[in-house]
Amino acid sequence: RVGIGTTSPDKNLEISQASDGTTLRITSRQNDSSHSTTTPFSSLEFYSEDGSGSGAGSRGAIRSYPSATSGGDGDLAFDVSGSERLRILSDGNVCLGRTSVLQGLGDGRTTLAIAGTGSADYASVQLGNYGTSGNDQGLGYLSFYDGTSENAIIAAFRASNTGSANLKFFTSESSGSVSERMRITSEGDLMVGNTIVNMASGHND
């Protein structure tokens with residue numbers, strides 16, 4: 001075992017100091033404008049020599065890539081089982097299944113881009129409850145904020161059993177709290193205020 005700052009390391013390599021801020025630095029000394037955006041500045045790789053399954057190889061890695069050939073900014077990529085799965089771009093955007101956003105929305109507008117990794121593959125976002133025990137319990141929320149103020153919500157709630165759900169839409173008035181304004185019921189009816197619109201017949205009930 002190797003200890004830096006300690007004479008009694010608990011792991012193969014332990015870096016220790018008496019205060020917060022302990023840092024492990026991996027440095028690239030290249031200093032020009034000929035960086036390759038596909039060659040990382042540096043990497044931290046997790047390797048297994050187990051030959052079963054897919055065989056010996058990298059099981060995971062964290063890599064810092066140049067965002068441009070100038071090398072002035074960097075992306076942070078996370079590999080799993082030899083393939084990149086997630087990348088945090090230098091502008092703060094996050095990509096799953098991609099190395100860039102599908103469409104840039106301008107500086108200061110943060111984007112989460114999710115894409116399938118094959119020609120016929122697609123992406124999904126799954127929100128779930130660990131398991132409901134009663135009706136009208138929340139299954140998942142999508143909230144919209146202005147600063148720290150919650151202004152709108154789209155949420156799914158259990159309806160009559162674990163196989164049914166109502167989709168509710170909430171908004172906030174300028175001086176009020178967030179309140180439900182519209183609902184699509186598990187039967188497919190649309191409720192606006194106290195009015196129920198049967199979507200099959202188009203009649204108001």
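Which residue does the side chain of Arg63 meet in a salt bridge? The partner is Glu45, with 3.1 Å between N and O. Keep in mind that this is a predicted model. Below is a quick tour of its salt bridges, one of its sheets and a threonine in a loop.

**Salt bridges**

- Here's the basic idea: side chains of opposite charge can pair when their charged atoms come close.
- The count for this structure comes to seven salt bridges.
- The Arg63–Glu45 pair ties together distant parts of the chain, with Arg63 sitting in strand E4 (residues 57-66) and Glu45 in strand E3 (residues 42-48), 18 residues apart.
- Arg63 has a relative accessibility of 15%, so it counts as buried, because the cut-off for buried is under 20%.
- Glu45, on the other hand, is partly exposed, at 42%.
- Glu84 and Arg87 make another salt bridge, and their closest N and O atoms are 2.8 Å apart.
- In that pair, Arg87 is buried with a relative accessible area of 7%, while Glu84 is partly exposed at 25%.
- Arg181 and Glu173 also pair up through their side chains, at 3.9 Å from N to O.
- Glu173 counts as exposed at 55% relative accessibility, and Arg181 counts as partly exposed at 32%.
- Some salt bridges share partners, and in this way Glu45, Arg63 and Asp79 are joined into one network.

**The sheet**

- Six strands line up as an open sheet, in the order E3-E4-E5-E6-E7-E8, and their pairing is mixed.
- Why do E3 and E8 each have one side without a neighbour in the sheet? They stand at the edges and have a single partner strand each, so there is nothing in the sheet on the other side.
- Going from one strand to the next, the twist averages 15 degrees.
- E4, the strand that holds Arg63, runs antiparallel to strand E5 (residues 74-80), and seven bridges join the two.
- For a concrete example, look at Tyr65, whose bridge partner in E5 is Asp75.

**A threonine in a loop**

- Where is Thr132 found? Look in the loop between strand E8 (112-114) and strand E9 (138-146).
- The side chain of Thr132 makes a polar contact with the side chain of Arg158, at 2.9 Å.
- Leaving aside residues up to four places away in sequence, Thr132 touches Gln137, Leu139, Arg158 and Thr162.
- Arg158 therefore turns up twice for Thr132: in the list of residues touched and as the polar partner.

Methods
Residues are numbered from 1 along each chain as its sequence is written. This is a predicted model: local features need pLDDT of at least 70, side-chain atom pairs count only at pLDDT 80 or more; totals for chains, interfaces and linings use all residues. Side-chain values use heavy atoms; hydrogens and water are left out. Helices (H or I, at least four residues) and strands (E, at least two) are DSSP runs, numbered from the N terminus. A polar contact is a pair of N or O atoms within 3.5 Å; within protein, one must be able to donate a hydrogen and the other to accept it, and residues adjacent in sequence count only if both atoms are side-chain atoms. Contact means heavy atoms within 4.5 Å. A salt bridge is a side-chain nitrogen of Lys or Arg within 4 Å of a carboxyl oxygen of Asp or Glu. Buried means under 20% relative accessible area, exposed over 50%, partly exposed in between (1.4 Å probe, protein chains only). Two strands pair if DSSP finds at least two bridges between them. Axes are lines fitted to C-alpha atoms, for helices over the stretch in contact, and angles run from 0 to 180 degrees between N-to-C directions.
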